[in-house]
Amino acid sequence: LATVRMQVAAAFVGRIAPANTGSLAVGVRFLQRSGVDTATAGAAVGLNAVVGAGVHLSLTAAFLAWAGTRGPGFSLPDANAWLLGIAAAGLVSGIVVAGVPALRRRVVPPLLDQLRTARSSLADVITDPLRVLALVGGALGITFSFILTLTASAAAFGGDVSFPEVGAAYLVAAAIGSATPTPGGLGAVEAALVAALTGYGMPSGHAVSAVLTFRLATYWAPMIPGWILFHQMQRREEL
C-alpha cells in the first residue's frame with residue numbers, strides 16, 4: 001500500500017520537475033526511508049527506468065510496424081501549425097532549462113549516476129526470471145494503460161483511428177515528451193499527439209478534444225491526490 005501511495009505522490013512531483021527527474025527522486029527517497037541503502041535505492045530506480053525505456057522502444061517499433069499494415073497509412077496533416085507547435089514547444093523547453101542552470105545541475109547529474117549504477121545491477125536481475133517478469137510486466141502494464149486511455153478518448157470523440165495507430169501515436173509522442181525537458185513533456189506531447197492522430201486521418205478538431213481529454217485524465221487529474229499523498233507521506237516520514 002505504501003508503494004502505491006508513493007507512485008501517486010510521484011505523479012504530483014513529476015509535474016513540477018523536468019524530464020521525469022521528480023518521480024525518480026521520489027522513488028529513491030521512498031526506498032531510503034524504507035531502509036534501503038542509497039546505492040541500492042539508486043540502482044533499483046535507475047534499473048526500472050532503463051527497463052521501461054527498453055520496453056517503450058520495443059513497443060514503438062512493434063506498433064509502427066503494426067500500424068503500417070493497416071489502413072491507408074500515415075500522412076502529414078495539411079495544417080503545418082501542429083508541426084510548428086512541436087518545434088515551438090521544444091524551443092520553449094530548451095529556454096526554460098537554459099535559464100535555470102542551477103536546476104539543471106541538481107537534476108541531471110544524479111539521474112546519470114543512477115543510470116550508471118543500474119547497469120551494474122542488471123546482471124543480478126536478469127538471472128532471476130521472476131524479477132525480469134515483474135520489471136517487464138510492470139512496464140508493459142503502464143504503457144498499455146496509457147494506450148487504452150488514449151484509445152477510449154479518441155473513440156469518445158468519434159475518431160476513426162485503429163488501436164495500432166493510436167498506440168503508435170502515443171508511443172512516438174511519449175518519446176518526444178521524454179526528450180523534452182519540461183515536466184511530463186508538457187506542450188510537446190500534446191502537439192505530437194494531435195499531429196500523429198491527424199496524420200492517421202482523425203479530424204483535427206476531434207484530435208484536439210481527444211488529446212486534451214487524455215491529458216486531463218492522465219496528467220492533470222492525478223496531481224490533486226498526488227499532492228495530498230505527498231504531504232501525508234512526508235508527515236509519516238515515508239518520504
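This passage describes the aromatic ring pairs of the structure. The model is predicted, with local features requiring pLDDT of at least 70, side-chain atom pairs counted only at pLDDT 80 or more, and totals for chains, interfaces and linings using all residues. Residues are numbered from 1 along each chain as its sequence is written, and side-chain values use heavy atoms, with hydrogens and water left out.

A search of the whole structure yields 9 aromatic pairs. Rings of Phe, Tyr and Trp (its six-membered ring) are paired if their centres lie within 6.5 Å; planes under 30 degrees apart are stacked, those over 60 are edge-to-face, and the rest are tilted.

One of these pairs joins Phe63 and Trp66. Its geometry is tilted, at 5.5 Å centre to centre and 45 degrees between the planes. Both residues lie in helix 3 (residues 38–68). They are 3 residues apart, about one turn of the helix. Helices are DSSP runs (H or I, at least four residues), numbered from the N terminus. Phe63 is buried, at 3% relative accessible area. Trp66 is partly exposed, at 37%. Buried denotes under 20% relative accessible area, exposed over 50%, and partly exposed in between (1.4 Å probe, protein chains only).

A further pair, Phe146 and Phe214, is edge-to-face. The centres are 6.4 Å apart and the planes meet at 75 degrees. This pair links distant parts of the chain. Phe146 belongs to helix 6 (residues 129–156) and Phe214 to helix 9 (residues 204–220), 68 residues apart. Phe146 is partly exposed, at 27% relative accessible area. Phe214 is buried, at 1%.

Phe63 and Trp66 also belong to one aromatic cluster with Phe144 and Phe163.

Note on methods: Helix = DSSP H or I, 4+ residues; strand = E, 2+ residues; numbered from the N terminus.
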